[in-house]
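Visitor: I should be grateful for a close look at one part of this structure, followed by an account of what lies around that part. Please take me through it step by step.

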Amino acid sequence: MPTRRPQRIEYPDSGGPPVGESEAHGRAFFDTAWCLGMRFAEDPEVYVWGNLLLYYEEGNPDARVCPDLFLVSGVPKNPPRRSYKLWEEKKAPLLVIEFTSERTREEDLGLKKDLYERLGVKEYFLFDPLGEHLEPRLQGYKRVKGRFKSLAPDADGSLKSRITGLILQADGEGLRLRDGESGDPLLWPREVLEVAKMTLDGLEDLQEKSHAALATLDDLEQRAKDVEVRAKAAEERLLALDQELATLRKEPVN
């Protein structure tokens, strides 16, 4: 009797039809993902991504979760992943950020929070871009003795991530990340473009001033040449006059 091959288990890359969110949620996610990714861009062993299915039980495709944004340390950035399988990577996310909406509030505070705690996530942050579904709109948890404990916010509502060394702070509808030591903000993509444009405008202005200075220098050089020509002509005229005067002195007087 032929040996029956074990059935191959499929782990889909998508969890079904996409669910729409507000523009504020999309922008907050994109800006935060950009900043967090750029912060660790030079570290080949830190993986930052979001909206990627994370499977946490081998052989059970239903055991999955889709974090909005997560960070893992100790796994390579490449090659690009179609999904994140915990038994293959052998590293659970250290940090997860969820951008909470009316649709996701209960899950973010309930099932997802419990699951992330069970998977070993060290820090869990929730941010409500519109400020309509969480109070306060930025919340955080850290892992203490295997359980999540609420992080106490600073007076301005900001929270410190010990995993990343960053400060998280609500900024309008966005989630601002700041350097934990200097306090300097990590620029959002549009802010990077604005700085680049200002730099380019400054370079163009400097170029225009350089061109003007060169034109002035050329004009001064031309004037100097004109003065030199005139001086030489005057010198030649004086020599001619001297010769005429010497000739007159030599002529006899009648």
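**From a small sheet to a helix**

Guide: Let us start with a single pairing of residues: L54 has Y84, in strand β5, as its bridge partner. This pairing belongs to a predicted model, and it is a useful way into the surrounding sheet. L54 lies in strand β2, residues 54-55, which is joined to β5 by 2 bridges, and the two strands run parallel. Together with β3 they form an open sheet of 3 strands, in the order β3-β2-β5, with mixed pairing. The edges are taken by β3 (64-65) and β5 (84-85); each has a single partner strand, so one side of each has no neighbour in the sheet. This sheet is one element in a protein with 5 helices and 12 strands. Of its 254 residues, 32% are buried.

We may now turn to the part that deserves the closest look, helix α1. The helix runs over residues 23-39, which makes 17 residues. At 1.5 Å a residue, a span of 24 Å should be expected, and the C-alpha atoms at the two ends are indeed 24 Å apart, so expectation and model agree. Which residues of α1 are buried? They are A24, H25, A28, D31, T32, C35 and L36. These residues cover an arc of only 140° around the axis, which means that they lie on the same side of α1. On the other side, E23 and M38 are exposed.

One residue of the buried side can be followed further. H25 sits in helix α1, and it counts as buried because its relative accessibility is 6%, while the limit for that word is under 20%. Apart from neighbours within four places in sequence, H25 is in contact with F99, T100, S101, P129 and L130.

L36, also on the buried side of α1, leads to an enclosed space. A search of the whole structure finds 1 cavity of 30 Å³ or more, and the space inside the largest cavity is about 30 Å³. L36 lines this cavity along with L95, I97, S161, T164, L166, L168 and L177. Strands β6 (95-99) and β11 (166-171) each supply at least two residues of that lining.

The helix also takes part in a pocket. The second largest pocket holds about 410 Å³ of space. Its lining has 18 residues, and the closest to its centre are A33, G37, Y47, V48 and W49. Helix α1 contributes the most to this lining, with 6 residues. Both α1 and β1 (46-49) supply at least two residues of the lining.

Finally, L95, met above in the cavity lining, leads us to a residue in a loop. V121 lies in the loop between α4 (111-119) and β7 (123-127). Is V121 buried or exposed? With a relative accessible area of 1%, V121 is buried. Setting aside residues up to four places away in sequence, V121 touches L95 as well as P93, L94, V96, Y116, R143 and F148. The C-alpha atoms of V121 and V72 are 9.5 Å apart, although 49 residues separate the two along the chain. For the protein as a whole, 57% of the contacts with a separation of 6 or more are between residues 24 or more positions apart.

Definitions and conventions:
Residues are numbered from 1 along each chain as its sequence is written. This is a predicted model: local features need pLDDT of at least 70, side-chain atom pairs count only at pLDDT 80 or more; totals for chains, interfaces and linings use all residues. Side-chain values use heavy atoms; hydrogens and water are left out. Helices (H or I, at least four residues) and strands (E, at least two) are DSSP runs, numbered from the N terminus. The expected span of a helix is 1.5 Å times one less than its number of residues. Buried means under 20% relative accessible area, exposed over 50%, partly exposed in between (1.4 Å probe, protein chains only). The arc is that of the directions from the helix axis to the C-beta atoms. Contact means heavy atoms within 4.5 Å. Two strands pair if DSSP finds at least two bridges between them. On a 1 Å grid over the protein atoms alone, a cavity is a set of points where a 1.4 Å probe fits but cannot get out, and a pocket is an open set with protein on both sides within 12 Å along at least five of seven lines; lining residues have an atom within 4 Å of a point. Grid points are joined across faces, edges and corners, and a volume is the space filled by probe spheres set on the points.
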